[in-house]
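Subject: Handing over the structure

Hello,

Here is the structure I promised to pass on to you. Please open it next to this message, and then read on at your own pace.

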Amino acid sequence: MRRLTFRPPLTIKGRKYKGLRGWAGKPFHPPLTDVPVTAYLFVAAFDVLSVALHSSHEIVGRQLYVAGTWTLLGGAAVSLLAALTGWADWHRSSQPGTQARRTINAHALTMITVTVIVLVDLAIRGLGQQDRLYTSPGVMVLSVVAALLVSVGATLGGSLVYDYGFNVETSGDHPVWHENEVDVLPGQK
């Protein structure tokens, strides 16, 4: 009995391309969200540790501050792509007046709020505090709030997929769930 299969999930051929939304069964938005969510959580940890350790480990406090700044910048850059693909999903895949649309709106509002906080955090770091020896308490608060809110936003986004099946393309009784040694590629049944 075969234990693993890689080719069908990684195959693009046979899938319909949907522009900014990605390919059928391979949307762009969900994997792009992993980077900013993880980045913002790490930034909060780096900043808290920088504040906590700076007096006893000055060099570590500085390194954590710099690591947090670069990680925040990377997360913010990828979040722009995540926002663009999320907008495409909202625009093309949801109907006004539904619970799904309301949840998408709550998810979007939460993530836009996170983005504004992150941009303020980056502006403070880049314009006024680039030479600091450790994270300032105000910047740490911004990072922690961004991490908490991004967790709420990710939970809302996860509910769209796992609770509502939003943008999950399946054909119900698909052959991949039948006991068989032959892989089913996209477009086959």
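Below is what was found in it, part by part.

One thing to keep in mind from the start: this is a predicted model.

**Two helices to begin with**

A good place to start is helix α2, which covers residues 29–53. Its 25 residues should span 36 Å at 1.5 Å a residue, and its end C-alpha atoms are 37 Å apart, which agrees. The buried residues of α2 include His-29, Pro-36, Tyr-40, Val-43 and Asp-47. As for their surroundings, the buried residues of α2 pack against β2 (26–27), α3, α4 and α5.

Helix α5 can be read in a similar way. It runs over residues 137–162, 26 residues in total, and from its first C-alpha to its last it reaches 37 Å, close to the expected 38 Å. Among its buried residues are Val-139, Met-140, Ala-147, Val-150 and Leu-160, along with Gly-153 and Gly-157. The cover over the buried residues of α5 includes α2 and α4 (99–128).

**The nonpolar core**

Which residues have the most contacts inside the largest nonpolar core? They are Tyr-40, Leu-72, Val-114, Val-118 and Val-150, in a core of 13 residues. Helices α2, α3, α4 and α5 each supply at least two residues of this core, and α4 gives the most, with five.

Tyr-40 is a handy residue to click on here. It is one of the buried residues of α2. Leaving aside its neighbours within four places in sequence, Tyr-40 is in contact with Leu-72, Val-114, Val-118 and Val-150, and also with Gly-75, Ala-76, Ser-79, Ser-143 and Ala-147.

For a sense of distance, try Gly-165 as well. Gly-165 is found in the segment after α5 and counts as partly exposed, at 33% relative accessibility. Its C-alpha atom is separated from that of Tyr-40 by 26 Å, and the two residues are 125 apart along the chain.

**Salt bridges**

How many salt bridges are there? The count comes to three.

Let us take Asp-89 and Arg-21 to start with. Their side chains meet in a salt bridge, at 3.6 Å from N to O. Asp-89 lies in helix α3 (residues 58–93) and Arg-21 in the loop between α1 (7–10) and β1 (22–23), so the pair ties together parts that are 68 residues apart in sequence. Are these two residues buried or exposed? Asp-89 counts as buried, because its relative accessibility is 7% and the limit for buried is under 20%. Arg-21 counts as buried too, at 16% relative accessibility. Besides Arg-21, Asp-89 touches His-29, Ser-94, Phe-166 and Asn-167, not counting residues up to four places away in sequence.

The other salt bridges meet at Arg-125. Arg-125 forms a salt bridge with Asp-47, and the closest N and O atoms are 2.3 Å apart. Arg-125 lies in helix α4 and Asp-47 in helix α2, so the pair ties together parts that are 78 residues apart in sequence. Both Arg-125 and Asp-47 are buried.

The side chain of Arg-125 also meets that of Asp-121 in a salt bridge, at 2.6 Å from N to O. Asp-121 and Arg-125 both lie in helix α4, four residues apart, which is about one turn of the helix. Asp-121 is buried, with a relative accessible area of 2%, and Arg-125 counts as buried at 1%. Put together, Asp-47, Asp-121 and Arg-125 are linked in a network of salt bridges.

**A patch on the surface**

Last, please turn the model to look at helix α4 from outside. Ile-112, Val-116, Val-120 and Ile-124 make a nonpolar surface patch of about 310 Å². Ile-112 has its place in helix α4, and at 52% relative accessibility it counts as exposed, the limit for exposed being over 50%.

If you would like a short route through the model, begin with Tyr-40 and its contacts, among them Leu-72 and Val-150. From there, go to the network of Asp-47, Asp-121 and Arg-125, and finish at the nonpolar patch that includes Ile-112.

Enjoy exploring, and do write back with any questions.

Warm regards

Technical notes:
Residues numbered from 1 in each chain as written. Predicted model: local features only at pLDDT ≥ 70, side-chain atom pairs only at ≥ 80, totals over all residues. Heavy atoms only, no water. Expected span 1.5 Å × (residues − 1). Buried < 20%, exposed > 50% of the residue type's maximum accessible area, 1.4 Å probe, protein only. Contact = heavy atoms within 4.5 Å. Patch = residues over 30% accessible without salt bridge, like charges linked within 9 Å, V, L, I, M, F, W, Y side chains within 5 Å. Areas by Shrake-Rupley, 256 points an atom, 1.4 Å probe, with all protein chains shown as cover. Salt bridge = Lys/Arg side-chain N within 4 Å of Asp/Glu carboxyl O. Core = buried A, V, L, I, M, F, W, Y, C linked by side-chain atoms within 4.5 Å.
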